[in-house]
Amino acid sequence: MLLAERFDVDEIATEAHQPDYNVAPRASVYGIVERMPGARVLESLRWGLVPSWAKDTKIGDRMINARAETLAEKPAYKHAFARRRCILPADGFYEWRLQPRQGARKAHKQPMFIHRRDGDPLAFAGLWETWCDPSDADGPWVASCVIVTTRPNEMLEPIHDRMPVVLGEDAWSTWLDPENHDLCRLAPLLVPAPSEWLEAYPVSTRVNKASSNGPDLVDPIEPETLFQ
DNA sequence: CCAGACGTTGTT
DNA sequence: GTCTGG
DNA sequence: CCAGACGTTGTT
DNA sequence: GTCTGG
């Protein structure tokens, strides 16, 4: 499998499924994790971190982004940041650019697709946790994750004021190593990716609807249809 | 001490 | 579990 | 993030 | 306006 090769995964702990182009919170995403140092496993993770102490999974619905600036202090992320960092691979991500329209009182929100220029998948920095219902000890374990965000790089700045942390290949081992507790080696990774890595282009507003999906969502749209 | 939250983005 | 607010 | 709902009683 | 669901 392509992802497993690209991320040098040793074990695939999840069945392959079709890629999602419009992932919503609570959906499953791929994650690369190391429970043991150096042993990379491709897992299926629910997007929206459910901390181990949660009474139910509801809390995960709003734990979809974690600010890099405060990761180490937030009760909900502290443990995962210390021991359960992961990589969340993605073809790209969407941001909505406010685009004032002549004669319109409301600005148009133009969805943009951001991806790597070299065509490789992005490696989002993420955190993950496992949870099991405290009222049902025999119930299933739920593995969940959260995407780490930071300030935007130069290229994204006109589009949005935050962006996911995108790790370069040279940072993967340091980030994934569960025995690395050295903040001085982790903190420098949580910075905006170089603008040169990325490209942004406008896509159809069909992506606004969570039920829309499929590869055509990332098709570039013509400038004429920018202002519909 | 106990109770209650535990998060982010964007918009007004 | 752990932090904050009262 | 956007889209879409925005409610209760009583029954299974 | 604000919350929930995807």
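How far does a polar side-chain atom of Lys-78 lie from a phosphate oxygen of DNA strand C? Select both and check: the gap is 2.7 Å. Keep in mind throughout that this is a predicted model.

**Stop 1: DNA strand C**

Stay with DNA strand C. Show the residues around this strand: Trp-53, Pro-75 and Lys-78. Now colour the strand's atoms within 4 Å of the protein by part. Sugar or phosphate accounts for 15% of these atoms, and bases supply the rest. Lys-78, though, has its polar side-chain atom 2.7 Å from a phosphate oxygen.

**Stop 2: DNA strand D**

Move to DNA strand D. Select Trp-96, Lys-109, Asn-208 and Lys-209, the residues around this strand. By class, that surface has two charged residues, one polar and one nonpolar.

Which part of DNA strand D do the atoms within 4 Å of the protein belong to? Sugar or phosphate takes 100% of them. Set that beside DNA strand C, where the figure for sugar or phosphate is 15%.

Next, zoom in on the two lysines. Lys-109 places a side-chain N or O atom 2.8 Å from a phosphate oxygen of DNA strand D. Lys-209 also has a polar side-chain atom 2.8 Å from a phosphate oxygen of this strand.

**Stop 3: the whole of chain A**

Zoom out and switch to cartoon. Chain A has 11 strands and four helices. Along the principal axes, its C-alpha atoms fill a box of roughly 60 × 40 × 35 Å. The radius of gyration is 18 Å, which agrees with the value near 17 Å for a compact globule of 228 residues.

Colour by burial. Of the 228 residues in chain A, 50% are buried. Then turn on the surface. Chain A exposes about 12500 Å², and carbon and sulfur atoms supply 52% of that area.

What share of the contacts with a separation of 6 or more joins residues 24 or more positions apart? In chain A the share is 65%. The next stop visits one residue and its contacts.

**Stop 4: Gly-48**

Select Gly-48. This glycine sits in the loop between strand E3 (40-47) and strand E4 (65-67). Is Gly-48 buried or exposed? Gly-48 is buried, because its relative accessible area is 0%, and the cut-off for buried is under 20%.

Show what Gly-48 touches, leaving out residues up to four places away in sequence: Gly-60, Met-63, Ile-64, Ser-144 and Cys-145. Then draw a C-alpha to C-alpha distance from Gly-48 to Ile-147. These two are 99 residues apart in sequence, yet 8.5 Å apart in space.

**Stop 5: two positive phi angles**

Most residues other than glycine have a negative phi. The next two selections have positive values.

Start with Asp-8. Find this residue in the loop between helix H1 (2-6) and strand E1 (11-12). Its phi is near 55 degrees, a positive value in a residue other than glycine. Asp-8 is exposed, with a relative accessible area of 53%.

Finish at Arg-26. This residue lies in the loop between E1 and strand E2 (28-34). Arg-26 is not a glycine, but its phi is positive, at about 85 degrees. What is the relative accessible area of Arg-26? The value is 55%, so Arg-26 is exposed.

Note on methods. Residues are numbered from 1 along each chain as its sequence is written. Chains are lettered from A and ligands numbered from 1 in the order in which they are written. This is a predicted model: local features need pLDDT of at least 70, side-chain atom pairs count only at pLDDT 80 or more; totals for chains, interfaces and linings use all residues. Side-chain values use heavy atoms; hydrogens and water are left out. A residue is near a molecule or strand if one of its heavy atoms lies within 4 Å of it. A polar contact is a pair of N or O atoms within 3.5 Å; within protein, one must be able to donate a hydrogen and the other to accept it, and residues adjacent in sequence count only if both atoms are side-chain atoms. Ala, Val, Leu, Ile, Met, Phe, Trp, Tyr, Cys and Pro count as nonpolar, Asp, Glu, Lys and Arg as charged, and the others, Gly among them, as polar. The radius of gyration is taken over C-alpha atoms; the globule rule is 2.2 Å times the number of residues to the power 0.38. Buried means under 20% relative accessible area, exposed over 50%, partly exposed in between (1.4 Å probe, protein chains only). Contact means heavy atoms within 4.5 Å. Accessible areas come from the Shrake-Rupley method with a 1.4 Å probe; for residues, only the protein chains shown count as cover.
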